[in-house]
Amino acid sequence: MTGAVPASQLADGQSYYFQARTNDGIDTGPWSKVCEFTVDTTLPDKIPTVSSTDYPNDDSSHGGVGRTGRFIFGSNGVSDHGVNDIVGYRYSLTSCAPTSATEVKVGTPGSSATVAITPTNSRTGDSVRTIGRSSRQRLRPAALPVLHQICHRPDDQLPR
């Protein structure tokens, strides 16, 4: 059995608690542990950062298709209700579709993540698009700005 609560009945910043138990018409089971969630509709105040020494964002060519580089995603001091609750990042190359994004979790809220990314587009180049993800599962896939342009050499200019 499922239940839904209209969003209009939930207040931003408010915590809610619930319990459940089952009944098959004959026996009633024990109550579950108390579950808690907090409504968070406030967007982060800054966008995440992306940096790379392998593929610096400097309009110069580096590496190439198939050559992996390290990228560091940072929360940029994001504050949401005074808390930096970024627990992971999603990134994609050239695509804005959240289904094509790769998720990277961080151990401590607000910390950075280092990922290995391999450029794949030999004609137009790639770009890294990221979304910070809060511990409260807030995700805004429509807001996927290009944060880091990966400029690389065309395939025919790679050192052999």
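**Figure 1. Ser 52 counts as buried, at 10% relative accessibility.** This close-up, like the others here, comes from a predicted model. The cut-off for buried is under 20% relative accessible area, so Ser 52 makes the grade. You'll find Ser 52 in the loop between β3 and β4. Its side chain has two backbone nitrogens to look at. One belongs to Asp 54, which the side chain of Ser 52 reaches at 3.2 Å. The other is the backbone nitrogen of Tyr 55, lying 2.9 Å from a polar atom of the Ser 52 side chain.

**Figure 2. Three strands line up as β3-β4-β7 in an open sheet.** The pairing here is antiparallel. β3 (49–51) and β7 (113–117) sit at the edges with a single partner strand each, so one side of each has no neighbour in the sheet. On average, neighbouring strands of this sheet are turned by 25 degrees against each other, direction ignored. Zoom in on β3 and β4 (residues 69–74), and you can follow their antiparallel pairing over 3 bridges. Within that pairing, look for Val 50, which stands opposite Phe 73 in β4.

**Figure 3. Gln 19 sits in the loop between β1 (15–18) and β2 (35–38).** With 40% relative accessibility, Gln 19 counts as partly exposed. Once you set aside its neighbours within four places in sequence, Gln 19 is in contact with Trp 31, Ser 32, Lys 33 and Val 34. Ser 32 deserves a second glance: its backbone oxygen lies 2.9 Å from a polar atom of the Gln 19 side chain. Cys 35 is worth picking out too, as its C-alpha is 6.3 Å from that of Gln 19, although 16 residues separate the two in sequence.

**Figure 4. Arg 90, Glu 103 and Lys 105 are linked in a network of salt bridges.** The salt-bridge count for the model comes to 2. In one of them, Arg 90 pairs with Glu 103, with the closest N and O atoms 3.1 Å apart. Arg 90 belongs to strand β5 (residues 86–93) and Glu 103 to strand β6 (residues 102–105), so this pair ties together parts that are 13 residues apart in sequence. Glu 103 also meets Lys 105, side chain to side chain, in a salt bridge of 3.9 Å, N to O. As for how much surface these residues show, Glu 103 is partly exposed, with a relative accessible area of 30%, while Lys 105 is exposed, at 64%.

Notes: Residues are numbered from 1 along each chain as its sequence is written. This is a predicted model: local features need pLDDT of at least 70, side-chain atom pairs count only at pLDDT 80 or more; totals for chains, interfaces and linings use all residues. Side-chain values use heavy atoms; hydrogens and water are left out. Two strands pair if DSSP finds at least two bridges between them. Helices (H or I, at least four residues) and strands (E, at least two) are DSSP runs, numbered from the N terminus. Axes are lines fitted to C-alpha atoms, for helices over the stretch in contact, and angles run from 0 to 180 degrees between N-to-C directions. Buried means under 20% relative accessible area, exposed over 50%, partly exposed in between (1.4 Å probe, protein chains only). Contact means heavy atoms within 4.5 Å. A polar contact is a pair of N or O atoms within 3.5 Å; within protein, one must be able to donate a hydrogen and the other to accept it, and residues adjacent in sequence count only if both atoms are side-chain atoms. A salt bridge is a side-chain nitrogen of Lys or Arg within 4 Å of a carboxyl oxygen of Asp or Glu.
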